[in-house]
Amino acid sequence: MVVLYGINLSTFTRKVRLALAEKGIEYRFEQAAMGSAKIRTLHPLGKIPVLEDAGVVVPDSSVIIAYLERAYPARPLYPREAAPLARALWLEEYADTRLREATVPFFAERVVKPLFLARPGDEKALDQAAAVRDEAFDYLEQELPDEGFAVGQAVSVADIAIAAQLITYRQGEGELPAARWPRLEAWLARLCERPAWASILAEESAALDAARSKRKSAG
Ligand SMILES: N[C@@H](CCC(=O)N[C@@H](CS)C(=O)NCC(=O)O)C(=O)O
């Protein structure tokens, strides 16, 4: 059985869970935090996610999804032709790097610090982060289509990678303002309605609500 090590609310764990769901692969989700003893035995950098499949240990979300595509070719997540494949891989790379930088501060300051570290977020850091966010969202606003998917006619690794980061942003900052980024907001909303995604996102919302109530009752 496929085992995925990671945690709810981890962006890169979500990226892999969305890919597993789209491909219809059954798996066991083993809660294991970054830096934990278990993860350190599986990933030299102590990062999550890590996937294990019949004795094969695969670290890194991009490597995991590429592995899944070869090991479980049904419901492909990569375009076949060279040019659309290059676009999908580029958008995945962009999401994992620049979009990550643009979105994670909102989650770190509004969720991680106040809810999990019991200290206030740094709102000043978010003023700086907003400039990077605006640049990244403007870029995606021009790249994404009015209808359908990021590349071609089917959901791909590009949709999954970009959405995984935007969901982290939403968890920190709330809905994307449709007035400023209408195409991006509508594209994300369409994806999040997909049945394969809905249960994962509901689980994450519940985890976030639970963390909020725990913090509230701790005072
Ligand atoms: N390139 C890696 C990034 C993984 C990553 O940064 N995961 C975060 C959690 S979402 C993590 O483990 N952070 C802890 C750290 O960077 O030490 C991937 O795609 O899996």
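User: How much space lies in the largest pocket?

Analyst: Rolling a probe the size of a water molecule over the atoms shows where empty space is left. Here a pocket is an open set of points, on a 1 Å grid over the protein atoms alone, where a 1.4 Å probe fits and with protein on both sides within 12 Å along at least five of seven lines. In this predicted model, the largest pocket holds about 670 Å³, a volume being the space filled by probe spheres set on the points. The model counts local features at pLDDT of at least 70 and side-chain atom pairs only at pLDDT 80 or more, while totals for chains, interfaces and linings use all residues. Residues are numbered from 1 along each chain as its sequence is written, and side-chain values use heavy atoms, with hydrogens and water left out.

User: Which residues are the closest to the centre of the largest pocket?

Analyst: Lining residues have an atom within 4 Å of a point; of the 25 that line this pocket, Ser10, Thr11, Met34, Ile48 and Arg100 are the closest to its centre. Helix 4 gives the most to the lining, with 6 residues, where helices are DSSP runs (H or I, at least four residues) and strands are runs of E (at least two), numbered from the N terminus.

User: Where are leucine 9 and proline 49 placed, and what is notable about their backbone?

Analyst: Most residues other than glycine have a negative phi, and most peptide bonds are trans. Leucine 9, in the loop between strand 1 (2-6) and helix 1, has a positive phi of about 80° although it is not a glycine. Proline 49 lies in the loop between helix 2 (37-42) and strand 3 (50-53), and the peptide bond that reaches it from isoleucine 48 is cis, with omega near 5°.

User: At what angle do the axes of helix 4 and helix 6 cross?

Analyst: Axes are lines fitted to C-alpha atoms, for helices over the stretch in contact (heavy atoms within 4.5 Å), and angles run from 0 to 180 degrees between N-to-C directions. The axes of helix 4 and helix 6 (residues 157-173) come within 8 Å and cross at roughly 10°, which means that helix 4 is roughly parallel (under 35 degrees) to helix 6. Among the residues making the contact are Leu99, Arg100 and Phe106 of helix 4 and Ile162, Gln165 and Tyr169 of helix 6.

How values were computed
Parallel < 35°, antiparallel > 145°, perpendicular 65-115°, else oblique.
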